[in-house]
Each structure stands twice: as structure tokens, then as C-alpha cells.
Amino acid sequence: MKARTRMRPGPATPTASLAYARSAGRTMIELIIAMAIGMIILIGVGSLYLSSSGVSRLASSAGTAEDSGRLMMFMIGDGIKTAGYGEVVGAGFGRGGETYFEGPAIRGCTGARMVDPFNPVAPNYTCAGVAPGDQIFVRFQSRHRAAAMSDAERDGAQMRDCLGSPLNQDVVLGSGPGMGATVQMVQNSFALNAAGNALLCEGVSNAGTPAQIVPNVVDFRIYYRFDDAAWALAAGMQTNVVPTGGSIRDAAWIIATGAASPADPWQYVFAAIVCMTVATGERGVATATNVTRCPATAAEVAAGTPVTEASTTGQLRRTFMEVFTIKSRSTHSPAISPI
Amino acid sequence: MLPVVLVILTILTGLVVTQLQRNTIDERLAANARETLMIDGALQTALRWCEYRVTVRPRETQLAAGDGTTPAWNIAANWGDATSLNFTGMVLVAGAALEPACVIEDVTDELVPVTTGRSGRVEARAGIDPRFRKYRVTARVRVAAPEMANGWREMMAQSDLRLYIDR
């Protein structure tokens, strides 16, 4: 009986037989092997995902920095190209001032900030204090006044500030063919924040409280093409009909130069060189220890060679530098001051 | 075992879908920024061409006019061949839906008479030398954009020119 029992160990009832068959198909060894294989597959897939995700995050971060930089250069450059724009309304032979534009077209600070450029009564463009990077300030007419059209059409065609706000500065022209007329001016200012890690934009709508428009901007420098030949002639009230490339200067030099002259040296600036360095939000992703930066001096810009600096944050960086001509200011030559 | 596997698969699927969505949005943002820059480049080129055209042949340039309420560039009919300057066959940007074109207006009436005595010969319009002409040039570039309701996306740029035509 015992031997027969060993040979046929199954119970007599059908239910008990089925339960036995199940337990016989899944032993502990099989379960452990299955779990081990499953874990290996999961670890493989997981690590593949993490690795792919890391690469994707890095690429996305670099792409975001690239896009931000390009878009900001486009926006700032557009403002510089439009600086000084006003509808042409004068019928005189004046060399300038024949438009609805009045006041400064462009101003800047090197390593400092303007005191109160948005003051509607007495704007103060004096540079004061110490701040990271440079500041640039541009103005231009924003809303058609001379063109024959309805107010709704004027609203639709109105140029807006860097925040997209239609709120502009109302200026009552004090001279020229539009004397007494009220025109709307866009005023835009771009500069780094106090920590030097984000680009701020300020317009009439947020005067006094600049708004962050791009994070991770770690350097922002502005240099200017200055027409030295025209400036030299300005002392004798002469004009230089053909503008020249001149020298590359920073705002501090232009301000210091103008301090000793009754003429406005900013009228002899005919292009702005904008440089901006954008870093990735991700840290520890770059293996290179040297990263790009903006030229720190006008001499470095003139040299034209790429400049780098050591970095320990591991952030990837992209540096953008572009020259924008101030082409909307209405004069015979960009270098000639209106009289 | 099966519920555990299903949960893990669900989590993995969710992660993958989220990643795909993020990548798609990033891709669209980048494409939009790139297209904006390309259209702007084409637009500035078209505007320069039109400025050149009106500068060298001001009297032979096709002109359009507004109706006092709507400016010329905002009247669709003005963009037809008879009243606009079309660069037929010219492709300045990939995916262009129409040739680049300009609407040019003679807006000399916007000039304000001189009161300071600085003007030269004063005739015709009171205080305005007739040799001064003012033109407003509006350029347009339109590209196909199937995702937009109207099927295209366009940008316009404008400039004022005051010419002294001594002939």
C-alpha cells in the first residue's frame, strides 16, 4: 500500500486533484526565477528610460536656451531698429526733427542702471549704482497719428512694448512740425536683474517694477558703433554727410564724452551691438570647464575673437551677439544730429 | 503578480506619453519661433525692394488709397495686382502661400505746412514745397499654416519715405 501510495500520491476527489495540479505547476524556484527575470527587465527598461530622459532633458534645456536667446535678440533688436521712429510729417528742409518723434531715441548704461527713465514729467537717464550687465533704453512712436484711419484701426496697428502692453507714454511735442500734438511713444528698457541671472523688461505699463521675461540669462552687454568723424565735426556745427563705421564704444564712454560737449553724443550712435549669454536651467550637464561669455570690454568686441570663462556649475551656455542698425531715426544720415 | 505588472505598465505608459507631449510642445514652440524669424527676414527684404522701387520710380509706381477710415494696407482689394507691387514667382521663405507684395500709398497730404520759413519753393499746397512727396510702404509676406483657421499666417512691416523729387 505504501509503495502504491508513493506512485499515485494524488487524493481521490476531483477538487483536491485540481488544487494539487496547480501547486505542482508553480514551485517557489520558478517564482523566484520569474521575479528575477522580471526585475532584470524592469531595471533595464528603467535605466534606459532614465538615460533617455536625461538626454532628452539636456537637449530640451539646451533648445530652450537657444530659443530664448534667439527670440530675445529678435525682440531687443526690433526695438533698436525702430528706435527714434516717428511718422514723417515735416515739409521743411531740416536735417532732422521732421517727424512726430521727440526726445532720446536710445540710451544706455554700462554696469549701472538709469535713475528714472520712465518719469513722465522729468525723465532721468543718468546712470547710477553698480549692477550686473548693461542696460539699454529705446523709444519710438507707437500709434499712427497722421495717417487717415479710424481709432479702431489705429488700435489694431499700434506697436506695443516688450510686455505686449498698448499703454504708452503720451508726449506733447514741444517743437517741430507737430508742435502741440500729442503722440504715443513706446519706451522699452532691458537689463539683468540684481542677481544677474534673468533678463528684465520695463515699459510704461510696468514702470518701476521690471518684469522678468527670460530666466537663466547670465550676461547682457551692449556696445555701440559711434561715428567719430561726425562727432569731431559736430563741435563746429558741421555735418558728416556720409556716416562712417567709427569705433566701438560702451555707454560709459559715450556718456563721459558727451559730458564735455553741448552736443548729444547719442545722436552719433548709429548701431548697437547686443550680446546675451543664456545658460541651461539644468546644472551639472556640461563636462567642459570653459564656457562662452559676452565680451567684457569694447576692445574685446573689436578684437572679434570668441571669449570664454571657467565655470563650475556645469550649465551649458549659448552666447548670442548681433549688430542692429538704428535705422528708423529720421535724419539725412544716422550720424547727424537734428538741429 | 498580474496586478503588479499592470500597475508598472500603466506608470511606464504614463511617463512615456507625458514625455512625448512635452517634446511635441517644445518642438512646436521652436518651429514657431523659427518661422517667425524666417518670415521677418523675408518681410524686411520685401520692404527694402519696395522702398527701392518707389525711390527710383516714384511716379511710375502703382499706388493704392485708403478710404479715410480704413488704411490702404487693411483693404483686401488693394492687395490685388492692379494696386499692389507683387514679386511674382519670388519665394523668399519656404511654404509661402503668396508672393511677397507691397501696398504703396501717396500720403503727401499728411505733411504739415512749414511755418518757420525754412522751406524752399512754396507752391501748390500752402506751405509745402511740391517737390516733397511722402509715401507709405507696407510689405506683406504670407505663409501656409494648415493649423490656422484661415489656413495661413502673415506678417506686415511698414515704413514712411519722404522723397524730394526735383524733376
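These are my notebook entries on a predicted model with chains A and B.

**Entry 1: confidence**

I began with how far chain A can be trusted. Its mean pLDDT is 85, and 85% of its residues reach 70 or more. Then I looked for weak stretches. Residues 1-7 of chain A have a pLDDT below 50, and this stretch has 0 contacts beyond near neighbours in sequence. Residues 332-339 of chain A also stay under 50. For that stretch, though, the model has 32 contacts beyond four places in sequence. I keep a caution in mind: where pLDDT is low, the predicted coordinates should not be read in detail.

**Entry 2: chain A as a whole**

I looked up the secondary structure of chain A and found 7 helices and 14 strands. Of its 339 residues, 41% are buried. I also checked how far apart in sequence the contacting residues lie. Among contacts in chain A with a separation of 6 or more, 67% join residues 24 or more positions apart.

**Entry 3: the core**

Which residues touch the most other members of the largest nonpolar core? They are I106(A), A272(A) and I273(A), in a core of 94 residues. Strand β11 of chain A, residues 269-279, supplies the largest share of this core, with 10 residues. I followed I106(A) outward. Leaving out residues up to four places away in sequence, I106(A) touches I80(A), A83(A), F137(A), V138(A), W266(A), V269(A), A272(A) and I326(A). A general tendency is worth noting here: in soluble globular proteins, nonpolar side chains tend to be buried together.

**Entry 4: helix α6 of chain A**

I turned to helix α6 of chain A, residues 251-259. A251(A), I254(A) and I255(A) are buried there. Seen down the axis of α6(A), the buried residues fall within an arc of 95°, so they line one face of the helix. The general rule is that an α-helix has 3.6 residues a turn, so residues three or four places apart point the same way. What covers the buried residues of α6(A)? The cover includes β1, β3, β9, β10 and β11 of chain A.

**Entry 5: strands of chain A**

Strand β5 of chain A, residues 169-172, alternates. Q169(A) and V171(A) point to one face and are buried, while D170(A) and V172(A) point to the other and are not. β5(A) pairs antiparallel with β6(A), residues 182-192, over 4 bridges. I picked out one bridge: Q169(A) has M185(A) of β6(A) as its partner.

**Entry 6: a sheet in chain B**

Chain B has an open sheet of 4 strands, in the order β1-β2-β3-β4, with antiparallel pairing. Which strands are at the edges? They are β1 (85-86) and β4 (152-164) of chain B, each pairing on one side only. Further in, 6 bridges join β2(B), residues 101-106, to β3(B), residues 132-144. One bridge puts A101(B) opposite R140(B) of β3(B).

**Entry 7: where the chains meet**

The contact between the chains takes 26 residues from chain A and 32 residues from chain B. On the chain A side, helix α3, residues 28-82, gives the most, with 10 residues. By class, that side has 13 nonpolar, 9 polar and 4 charged residues.

I then checked one residue of α3(A), G63(A). Buried or partly exposed? With 16 C-beta neighbours inside 10 Å, G63(A) counts as partly exposed. Its contacts beyond four places in sequence are D26(B) and A30(B). Last, I took a distance: G63(A) and N197(A) are 134 residues apart in sequence and 18 Å apart in space, C-alpha to C-alpha.

Key:
Residues are numbered from 1 along each chain as its sequence is written. Chains are lettered from A and ligands numbered from 1 in the order in which they are written. This is a predicted model: local features need pLDDT of at least 70, side-chain atom pairs count only at pLDDT 80 or more; totals for chains, interfaces and linings use all residues. Two residues are in contact if their C-beta atoms, placed from the backbone, lie within 7 Å. Helices (H or I, at least four residues) and strands (E, at least two) are DSSP runs, numbered from the N terminus. Ala, Val, Leu, Ile, Met, Phe, Trp, Tyr, Cys and Pro count as nonpolar, Asp, Glu, Lys and Arg as charged, and the others, Gly among them, as polar. pLDDT is the predictor's confidence in each residue, from 0 to 100. A nonpolar core is a set of buried Ala, Val, Leu, Ile, Met, Phe, Trp, Tyr and Cys residues joined through C-beta atoms within 7 Å. A residue is buried if 20 or more other C-beta atoms lie within 10 Å of its own, exposed if 12 or fewer, and partly exposed in between; C-beta atoms are placed from the backbone. Two strands pair if DSSP finds at least two bridges between them. The arc is that of the directions from the helix axis to the C-beta atoms.
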